[in-house]
Amino acid sequence: MTTRRRTQAERDAMTVEIGYALLTACLLGAVVFAALVWPAAVWHLPPATERILLTAGAVIAGTLAVLRVIHVLWRYDRQRPSRTTRPGDPETGPEAEGRGQGRKRRG
């Protein structure tokens, strides 16, 4: 079993998907952080409570941002067609692609 090289379009699509994952992760992290720290910014709270809110906001926002990147990239990988080909297999080999026939098996 061999794998084919990625085309420029596939590499570009992956670059866009990584950018999307990072951008949405930053936005999610910023919104969650702001929501958790907002009470400390608006009201006069004890210093210990402000530290707890700041720490909780940073930890939760960072964790959600990382989970967002993982989720987006796993979803993207699952939606892509299989990249494996078997040279002698008429349904998945290069000759099937040349004829425009055959279906790719997921494996």
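**Group meeting: a chain with three helices and two strands**

Among contacts in this chain between residues at least 6 apart in sequence, 56% join residues at least 24 apart. I start there, and I should add that what you see above is a predicted model.

First, the chain as a whole. Its secondary structure amounts to 3 helices and 2 strands. Read from the N terminus on, the order of the elements is β-α-α-β-α. There are 107 residues in the chain, and 20% of them count as buried. The accessible surface is about 7,800 Å². Carbon and sulfur atoms account for 66% of that surface.

Next, two of the helices. Helix α1 covers residues 8-42, and helix α2 covers residues 47-79. How far apart are the axes of α1 and α2, and at what angle do the helices pack? The axes are 8 Å apart, and the angle is about 160°. An angle over 145 degrees counts as roughly antiparallel, so α1 is roughly antiparallel to α2. As for handedness, α1 passes α2 in a right-handed crossing. What kinds of residues make up the contact of α1 with α2? By class, 26 are nonpolar, 3 are polar and 5 are charged.

Now one residue from each helix. I take Glu17 to begin with, which lies in helix α1. Is Glu17 buried or exposed? Its relative accessibility is 15%. The cut-off for buried is under 20%, so Glu17 counts as buried. Leaving aside residues up to four places away in sequence, Glu17 touches Val72, Leu73, Arg75 and Tyr76. Those four numbers fall within residues 47-79, the range of helix α2.

From the other helix I take Val69, which is found in α2. Which residues does Val69 touch, not counting those up to four places away in sequence? They are Ala21, Leu22 and Ala25. These three fall within residues 8-42, the range of helix α1. There is also a distance to note for Val69. Val69 and Gly19 are 50 residues apart in sequence, and in space they are 9.6 Å apart, from C-alpha to C-alpha.

To go over the main points once more: α1 and α2 pack at an angle of about 160°, their crossing is right-handed, and their contact includes 26 nonpolar residues. Glu17 of α1 is buried, and Val69 of α2 touches Ala21, Leu22 and Ala25. That is all from me.

Notes: Residues numbered from 1 in each chain as written. Predicted model: local features only at pLDDT ≥ 70, side-chain atom pairs only at ≥ 80, totals over all residues. Heavy atoms only, no water. Axes fitted to C-alpha atoms, helices over the stretch in contact; angles between N-to-C directions. Parallel < 35°, antiparallel > 145°, perpendicular 65-115°, else oblique. Left-handed = near helix turned anticlockwise from the far one by under 90°. Nonpolar A, V, L, I, M, F, W, Y, C, P; charged D, E, K, R; others polar. Buried < 20%, exposed > 50% of the residue type's maximum accessible area, 1.4 Å probe, protein only. Contact = heavy atoms within 4.5 Å. Areas by Shrake-Rupley, 256 points an atom, 1.4 Å probe, with all protein chains shown as cover.
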